[in-house]
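Please look through the sequence and the model below before reading on. The paragraphs that follow lead from charged side chains to strands, the helix and the aromatic rings.

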Amino acid sequence: MLKIPESKTTEESKDCVPVSPNTDMILEESLKIGDSIEVWGTFEEGQKYSLNVKRNKDDYLLHFDIRPNEQELCIDAKVGENWGSYNLHLKEPFENLAFSNKQGNFRIKVAFLDEGMELFVNGVKICKTLKYLFDLSTATHIICTADVDQKPWKTIKLPKSQQLFQSYSVYEIEKLNIGDVINFTGRFQTEVDAFAINIMESNSSIQLHISIRPPSGPWS
């Protein structure tokens, strides 16, 4: 987890972290009954983009697909190759997500209850409670997908006890000032060659590079 100097606090940035599109966000702890996830974004036309809660590469507890071209939300889940557990195609909730705000901003909430998942768009429940396809506690990955030319996802808010561990992410800071402090929190990994923290002015200008090299890696 990365804590950066605070700027102006808004509803969508308080207690949130930026979303890194197409990157697995790995939860420090398993999800449990009573937890919820909230994601903020800005509607974009074009290719579809999705919020996914997973337990591995192939098993999706939730696939929340925003489809501008079809003007619908597709809600589904799967184990292995078998899609179609929910197979919901929702038109009115899409209208709420895409057009209820002049700036196109939206908020998606997933609440994990005893009886299943409840889904909300901009505070409105969009479908019946969805039964869990598999054990909630085995879901440990979240990924927000988007086309390379799209930037619909902004921030994500997790249960208070949670932290995210990401394989690669970039955080943009408007500027650093004298007296600012950046705190990094992570989980040490021994099965990797190395992992690093970089403070950069550009892709070719690195102000600080901290490389953590486990003893099992090629550097030992």
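A salt bridge is taken here as a side-chain nitrogen of Lys or Arg lying within 4 Å of a carboxyl oxygen of Asp or Glu. The model is a predicted one, and by this criterion it holds 9 salt bridges. The side chains of Arg67 and Glu72 form one of them, with a nitrogen-to-oxygen distance of 3.5 Å, and this counts as a salt bridge because the cut-off is 4 Å. Arg67 is buried, its relative accessibility being 17%, and Glu72 is buried as well, at a relative accessible area of 8%. Through salt bridges with shared partners, Arg67 and Glu72 belong to one network that also takes in Lys48, Asp65 and Lys91. Within this network Arg67 also forms a salt bridge with Asp65, where the closest N and O atoms are 2.8 Å apart, and Asp65, like Arg67, is buried.

How exposed or buried are the two partners of the salt bridge between Asp35 and Lys32? The closest N and O atoms of this pair are 3.4 Å apart; Asp35 is buried, with a relative accessible area of 7%, whereas Lys32 is partly exposed, with a relative accessible area of 43%. A charged group can also face a ring, and the charged end of Arg55 sits over the ring of Phe134, at 4.0 Å from the ring centre.

From the charged groups we turn to the cysteines and to the strand that carries one of these positions in its range. A disulfide is a covalent bond between the sulfur atoms of two cysteines, and the count of disulfides in this model comes to 0. Cys16 is buried, with a relative accessible area of 17%, and Cys144 is buried with a relative accessible area of 0%. Strand β12 spans residues 141-145, and because 4 of its 5 residues are buried, the strand is largely enclosed by the rest of the structure. Strand β12 pairs with strand β3 (residues 25-27) in the antiparallel sense over 2 bridges, and Met25 has Ile142 as its bridge partner in β12. Strand β5 (residues 49-54) also runs antiparallel to β12, joined to it by 5 bridges, and here Ser50 has Thr145 as its bridge partner in β12.

Helix α1 covers residues 92-99, and its buried residues are Pro93, Phe94, Asn96, Leu97 and Ala98. These buried residues pack against several strands, namely β6 (60-67), β7 (72-78), β8 (88-90), β9 (105-113), β10 (116-121) and β11 (124-125).

The helix leads on to the aromatic rings, which form 6 pairs in the structure. Phe43 and Phe94 have ring centres 5.6 Å apart and planes at 80°, so their pair is edge-to-face. Because Phe43 lies in the loop between β4 (36-42) and β5 while Phe94 belongs to helix α1, the pair ties together parts that are 51 residues apart in sequence. Phe43 and Phe94 are both buried, and ring pairs link them with Phe99 into a cluster.

Which parts of the chain does the aromatic pair of Tyr49 and Trp153 link? Tyr49 and Trp153 are edge-to-face, at 6.0 Å centre to centre and with 90° between the planes. Tyr49 lies in strand β5 and Trp153 in strand β13 (residues 153-157), so distant parts of the chain, 104 residues apart, are linked by this pair. Both Tyr49 and Trp153 are buried.

How values were computed: Residues are numbered from 1 along each chain as its sequence is written. This is a predicted model: local features need pLDDT of at least 70, side-chain atom pairs count only at pLDDT 80 or more; totals for chains, interfaces and linings use all residues. Side-chain values use heavy atoms; hydrogens and water are left out. Buried means under 20% relative accessible area, exposed over 50%, partly exposed in between (1.4 Å probe, protein chains only). Contact means heavy atoms within 4.5 Å. A disulfide is a pair of cysteine sulfur atoms within 2.5 Å. Two strands pair if DSSP finds at least two bridges between them. Rings of Phe, Tyr and Trp (its six-membered ring) pair if their centres lie within 6.5 Å; planes under 30 degrees apart count as stacked, over 60 as edge-to-face and the rest as tilted. A charge sits over a ring if NZ of Lys or CZ of Arg is within 6 Å of the ring centre and within 35 degrees of the ring normal.
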